[in-house]
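Hi,

Here is the structure I promised to pass on. Have a look at it first, and then read on for what turned up in it.

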Amino acid sequence: MQGRIFKWLLVTGFLFCLLIIEFLTVYANDEPLGNLSQDWSKAVIQDDQEEDLPDLDGGAENSGRELQQPVDLRILQQRYPDIFFLRGPTDQKRVALTFDDGPDPRFTNDVLDVLKQYNVPATFFVLGSRAVANPDLVKRYQNEGHVIGNHTYGHPNLVEESDLETLEREVTRTEDALNEIIGYRTKLFRPPYGFLYNELVEKLGEMNYFVIAWSVDSLDWQEDPPEVIASNVLDNIHPGAIILMHDGAESGGDRTNTIESLHQIIPALQEQGYEFVTVPELFNIPYKK
């Protein structure tokens with residue numbers, strides 16, 4: 001009896017060893033175990049960051065942009081030239097990179113790393129809810145010489161809300177939150193989705209804000225390949241351009257291609273003789289109240 005048990009254990013152990021060897025061989029030929037562990041760790045970190053990330057109240061940029069724009073940005077600029085800014089002076093080769101919807105711990109640090117690599121300043125229009133959740137990233141914006149603007153607290157569609165009280169609440173709440181973190185009240189505002197109408201612009205003027213739109217849209221929110229995002233910018237660039245990009249995304253969104261596209265956009269424009277400046281530098285306006 002004992003002999004049979006011993007033989008059974010011996011055979012079972014041998015088969016188990018064969019299974020282990022086959023398992024290790026498959027993964028050795030496919031991908032190193034170290035990389036698998038690293039990828040798994042990244043996925044866990046990404047999931048954790050998304051779980052803690054305040055989402056966009058008005059919905060993803062893709063769905064929001066599908067709606068009809070209430071008033072063309074060019075018309076608003078013509079109606080309110082002292083409040084609404086669309087493009088800078090065209091007599092100098094200066095452009096302003098701008099980023100919306102941050103700070104986002106999944107992507108903002110990488111965007112900042114690229115800007116630091118090329119010594120390029122930018123203007124970041126931040127969400128109050130995400131600033132409160134990630135104050136260290138807001139401080140990094142400031143410490144590395146970038147300018148910070150207001151992009152509402154939760155990213156609502158202000159036109160759909162059609163309520164001046166909603167605008168005032170969203171803007172004031174973000175202004176207060178940013179003041180706690182960076183020590184000043186910004187004068188720069190950008191509406192979610194670029195959606196505004198006359199009364200909203202007038203209200204922002206009463207609140208001592210400049211409204212900053214854009215003249216070149218990277219369309220990076222469509223998550224096209226980096227080459228396409230870069231082409232959207234480079235094919236439409238002009239002196240005085242305000243370039244719209246995003247360092248933040250909705251939950252499930254991805255700005256990896258935005259980051260990669262910067263490695264194409266920045267050197268190409270520098271080779272063409274363009275200087276990167278912040279929005280207040282482009283227009284020679286103050287950014288603090």
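Among contacts in the protein chain between residues at least 6 apart in sequence, 81% join residues at least 24 apart. Before you go further, keep in mind that this is a predicted model. The chain has 13 helices and 9 strands, and 48% of its 289 residues count as buried.

Let's start with the aromatic rings. How many aromatic pairs are there? The count comes to 7. One of them is made by tyrosine 184 and tyrosine 287, and it is edge-to-face because the ring planes stand at 75°, over the 60 degrees needed, with the centres 5.5 Å apart. This pair links distant parts of the chain, with the two positions 103 residues apart in sequence terms: tyrosine 184 is in the loop between α9 (164–182) and β5 (188–189), and tyrosine 287 is in the segment after α13 (279–283). Are these two buried or partly exposed? Tyrosine 184 has a relative accessible area of 9%, so it is buried, while tyrosine 287, at 29%, counts as partly exposed.

A second edge-to-face pair is formed by phenylalanine 189 and tyrosine 209, with 6.3 Å from centre to centre and 75° between the planes. Here too distant parts of the chain are linked: phenylalanine 189 belongs to strand β5, and tyrosine 209 to the loop between α10 (198–206) and β6 (210–212), 20 residues apart. Both phenylalanine 189 and tyrosine 209 are buried. Elsewhere, ring pairs join Phe85, Phe210 and Phe283 into a cluster.

Some rings also have a charge sitting over them. Tyrosine 184 comes up again here, with the charged end of lysine 288 over its ring, 5.0 Å from the centre. Likewise, the charged end of arginine 173 sits over the ring of tyrosine 153, at 3.8 Å from its centre.

Now for the helices. α9 and α10 pack with their axes 10 Å apart and at an angle of about 40°. That angle is why α9 counts as oblique to α10. The crossing of α9 past α10 is right-handed. On the α9 side the contact is made by Leu164, Leu167, Glu168 and Val171, and on the α10 side by Glu199, Leu200, Lys203 and Leu204.

α9 also packs with α7 (residues 135–143), where the axes are 10 Å apart and the angle is about 70°. The two helices, α7 and α9, are therefore roughly perpendicular to each other. Pro135, Val138, Lys139 and Gln142 of α7 make this contact with Leu178, Ile181 and Ile182 of α9.

Next, a couple of loop residues worth finding on screen. Alanine 213 lies in the loop between β6 and β7 (216–217), and with a relative accessible area of 4% it is buried. What does alanine 213 touch, leaving out residues up to four places away in sequence? Its contacts are Leu73, Phe84, Phe85, Leu86, Arg190 and Ile242. One of these, Phe85, is also in the ring cluster with Phe210 and Phe283.

From alanine 213 to phenylalanine 195 is 9.8 Å, C-alpha to C-alpha, with their positions 18 residues apart in sequence. Phenylalanine 195 is in the loop between β5 and α10, and at 4% relative accessibility it counts as buried. Phenylalanine 195 also sits 8.8 Å from aspartate 72 in space, C-alpha to C-alpha, although the two are 123 residues apart in sequence.

Finally, the backbone. Most residues other than glycine have a negative phi, and most peptide bonds are trans. A few places here go the other way. Glycine 102 and proline 103 are joined by a cis peptide bond, with omega about -5°, and proline 103 is in the loop between β2 (94–102) and α5 (108–118).

Histidine 155 is not a glycine, yet its phi is positive, about 65°. You'll find histidine 155 in the loop between β4 (147–150) and α8 (158–161), where its 0% relative accessibility makes it buried. Asparagine 208, also not a glycine, has a positive phi of about 70°. Its place is the loop between α10 and β6, and with a relative accessible area of 37% asparagine 208 is partly exposed.

Over to you, and happy browsing!

Key
Residues are numbered from 1 along each chain as its sequence is written. This is a predicted model: local features need pLDDT of at least 70, side-chain atom pairs count only at pLDDT 80 or more; totals for chains, interfaces and linings use all residues. Side-chain values use heavy atoms; hydrogens and water are left out. Rings of Phe, Tyr and Trp (its six-membered ring) pair if their centres lie within 6.5 Å; planes under 30 degrees apart count as stacked, over 60 as edge-to-face and the rest as tilted. Helices (H or I, at least four residues) and strands (E, at least two) are DSSP runs, numbered from the N terminus. Buried means under 20% relative accessible area, exposed over 50%, partly exposed in between (1.4 Å probe, protein chains only). A charge sits over a ring if NZ of Lys or CZ of Arg is within 6 Å of the ring centre and within 35 degrees of the ring normal. Axes are lines fitted to C-alpha atoms, for helices over the stretch in contact, and angles run from 0 to 180 degrees between N-to-C directions. Angles under 35 degrees count as roughly parallel, over 145 as roughly antiparallel, 65 to 115 as roughly perpendicular and the rest as oblique. A crossing is left-handed if the near helix is turned anticlockwise from the far one by less than a right angle, and right-handed if clockwise. Contact means heavy atoms within 4.5 Å.
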